[in-house]
Amino acid sequence: MENEFPIRLLILFPLIGFLITIFYGRRLGPRIVSILSPSAVLLSFIFSCAGLFKLLHLPPEERVIIDNLYTWINVGMLNISVSFRFDQLSILMALVVTGVGFLIHVYSVGYMHGDKKYTRFFAYLNLFIFSMLILVLGNNLLLMFLGWEGVGLCSYLLIGFWFEKVENAIAAIKAFIVNRIGDMGFIMGIILLFWSLGSHGVWTLDFDIIKQNVHLLGRERITIICLLLFMGATGKSAQLPLYVWLPDAMAGPTPVSALIHAATMVTAGVYMVTRMSFLYSLSPFAMETVAVVGGLTAFFAATIALVQNDIKKVLAYSTISQLGYMFLGVGVGAYSAGMFHLITHAFFKALLFLGAGSVIHGLSGEQDLRKMGGLRKSMPITWITMLLATLAISGIPPFAGFFSKDEILWGTLKSGHYYLAVLGIFTAGLTAFYMFRMLLLAFWGRTGAHAPHAHESPPVMTIPLAVLAFFSVVGGLLALTMHHFIEPVASYKAVSAVSEHSEWIMVVVSIVAAATGISVAFFFYVARPGVSAGLANRTSGIYRVLLNKYYVDEIYNFLFVRMLLILNSILAKFDIKIIDGIVNASSALTVDVSYGSGKFDLSVVDGSVNGISDGVISAGSKARRLQTGNLQNYVTAVVVGIICLVLVIIFV
Amino acid sequence: MSPFEIFLLADALFVIGIFGVLTRKNAIAILISVELILNGVNLNLINFARNTALGAKGQVFVLFVILLAALEAALGIAIILGIYRSLKKIDVDEARVLRG
């Protein structure tokens, strides 16, 4: 009885919220929906907190609560039950999802105010929370995949929320397709894992059972499975080479960018790798791949973010970069550091997006940084909270981002990945620079074109900002307990390559890098506003490459889309000439055959059937003459019969 | 009368009854003929009861037949009245409404 907790309730609330808002939202009206929908998520959050306390009461090595609902699929060897799992990992994710999710629901009440599809927006948000909770709480890989696809669907629906504009619809489709490529790898990984274990007699997708039997698998097999699963993670978490959808996903409403494309859904990949850490830990090559992809993505996306002019695009590339950090962390075996950064990032990046949303809201839809400026006077709360978030992401102590980023870099260094550590520190400097560039362009300097009629957002939007700012500041305290808490679920015993003392050196170096980035940003955008334009002109080649995001979209467009279209036209010709020819010939043949068969049917088959029935009718009409209806005829027959019988009895 | 003469009388009654049933068109005449058949049989039963080892069984049987004859007459008259009401005559050849 001690290890029980109704986890199902946690998932039920957003589902009920979704069902009510999608079916009755229009009738209930926006006022009721804006209370109902956030409170569904709040209830889930309260239950997550209760679950956390329940877990903390258990001894550390027994901190697992499983809530079994029913058997979902039972075919042959495959037996999959719908069951949910609370452990150190999933409870943290559930808290982030419901906590940040609740704040963003509240914020959306203000941000989406007056939108035509207001109730539908909240229905989608609730559906998203529901799917995300299934993803993080599912106790087997298939349930996780279900949530994985569910959040993908919500992402698609919400990116294309204002589908009246064609670009938004295209962005939604792009996100969906790119995710599909990753998901293909993910499901292939799941199937391969299932079959590999199955060939050893263990048919399961349950995390615990996989973990117990993982020693049965060969090393190469594990590497392939890990790489396939990681392919899914690169799609969902926007890593190289599948990151291209995330910047375009900014077409959705800003709360969506904050919730789905910064705080929760895109971190699903990190969560998945951490969840499967027992598998990754057995494959150094897969770990290496994760770390390298993460580190490169962090650097690559940071360089693009340097020159972007759209406030949300800067944040989008920043998100990709930070996700890269997380993968770097889990890739070098610092799982707790990766998860820690995931949580602090959820706070400050959600805050940054919501702040950007507040700015966009205040400027009636303006997103271009060049047209902003001097907003700190008209939007003081947004300015202060965003400043705190920017300090956090830049890694300035004592804000949250400093602790988590440092743990990742320290883990990288400790495991002997020196070049990745250097790349990470350099990227930290870039991060500080582009974040302050964004902040200063928007809030500092001369008053922009829109600034005069800019206004601060209503309290329903600024209070979530303040709460998130609070966590961005104190979130670093989690560092004291985090490592110890995560340890039983995901740990990796790496040989320490460097002495513990060098941690201090590294900390100082990374703070210096961040401070340098910030100073450069101040120099460019406050002290000498003209210098940056001059620099851009002098290095116009690099500048243009960065501004156009390394032309990756164009390359993909050429390599995949164009090639696919050419292949399509070839296939279409093949289809028309040969396939259609075969089909038409066979159809002509069929027509002839059926004509003959029809004739046979009419003459022979129908003829014999009709003949039999005609015979029966004529026989019947003759036989009915016997029944005259005359009583005396019948009596005569009886008497004759009796006489015959008597004669037979007498003479025979 | 000797048993044989009674036997002849009874058979004569029986055959006359059969003839009447087969030839008469009037329903009441047919009914009367049926009575003749029954009473011919009754007479035979009494005859054999008295003169053979059949004993009282035959006489009991006769009582049954008399009872049934009464019932048959009552039912028969009722049917004939029904036919008369719908057809205004009691000719059995005309009563062929139920013929298919």
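In this predicted model, the C-alpha centres of domain 1 and domain 2 of chain A are 25 Å apart. Domain 1 covers residues 1-282 of chain A, while domain 2 of chain A is made of two stretches, 283-334 and 364-547. Where these domains meet, 40 residues of domain 1 of chain A are in contact with 36 residues of domain 2 of chain A.

The domain 1 side of this contact can be followed element by element. Those that contribute two or more residues to it are α2 (88-111), α7 (219-236), α8 (245-248), α9 (254-263), α10 (268-275) and α11 (277-280) of chain A. Of these, α2(A) gives the most, with nine residues. Sorted by class, the side of domain 1 of chain A that touches domain 2 of chain A has 24 nonpolar residues, 12 polar residues and four charged residues.

Two backbone details can be found in the loop between α7 and α8 of chain A. A238(A) has its place in this loop, and its phi is near 55°, a positive value in a residue other than glycine. P241(A) is found in the loop between α7 and α8 of chain A as well. The peptide bond that leads from L240(A) to P241(A) is cis, and its omega is near 0°. As background, most residues other than glycine have a negative phi, and most peptide bonds are trans.

Next comes the N-terminal part of chain A. Helix α1 of chain A takes in residues 7-57. A straight helix of 51 residues would span 75 Å at 1.5 Å a residue, but the end C-alpha atoms of α1(A) are only 17 Å apart. Along this helix there is a bend of about 120° at G29(A), and a proline, P30(A), follows within four residues.

Chain A as a whole has 24 helices and two strands. Its C-alpha trace spans about 140 × 55 × 55 Å along the principal axes. The radius of gyration of chain A is 35 Å, whereas a compact globule of 652 residues would have one near 26 Å.

Chain B contains three helices and zero strands, in the order α-α-α along the sequence. Along its principal axes, the C-alpha trace of chain B spans about 50 × 25 × 25 Å. For chain B the radius of gyration is 17 Å, against a value near 13 Å for a compact globule of 100 residues.

How many residues does each chain give to the contact between chain A and chain B? Nine residues come from chain B and nine residues from chain A. On the side of chain B that touches chain A, five residues are nonpolar, one is polar and three are charged.

One helix pair links the two chains. Helix α24 of chain A (residues 631-651) and helix α1 of chain B (residues 3-23) have axes that come within 8 Å and cross at roughly 145°. On the chain A side, Q632(A), V635(A), T636(A) and V639(A) of α24(A) take part, and they meet I18(B), V21(B) and L22(B) of α1(B). By class, this contact of α24(A) with α1(B) has five nonpolar residues, two polar residues and no charged residues.

Key:
Residues are numbered from 1 along each chain as its sequence is written. Chains are lettered from A and ligands numbered from 1 in the order in which they are written. This is a predicted model: local features need pLDDT of at least 70, side-chain atom pairs count only at pLDDT 80 or more; totals for chains, interfaces and linings use all residues. Two residues are in contact if their C-beta atoms, placed from the backbone, lie within 7 Å. Ala, Val, Leu, Ile, Met, Phe, Trp, Tyr, Cys and Pro count as nonpolar, Asp, Glu, Lys and Arg as charged, and the others, Gly among them, as polar. Domain bounds come from an automatic or database domain assignment. The expected span of a helix is 1.5 Å times one less than its number of residues. The bend at a residue is the angle between axes fitted to the seven residues ending there and the seven starting there. Axes are lines fitted to C-alpha atoms, for helices over the stretch in contact, and angles run from 0 to 180 degrees between N-to-C directions. The radius of gyration is taken over C-alpha atoms; the globule rule is 2.2 Å times the number of residues to the power 0.38.
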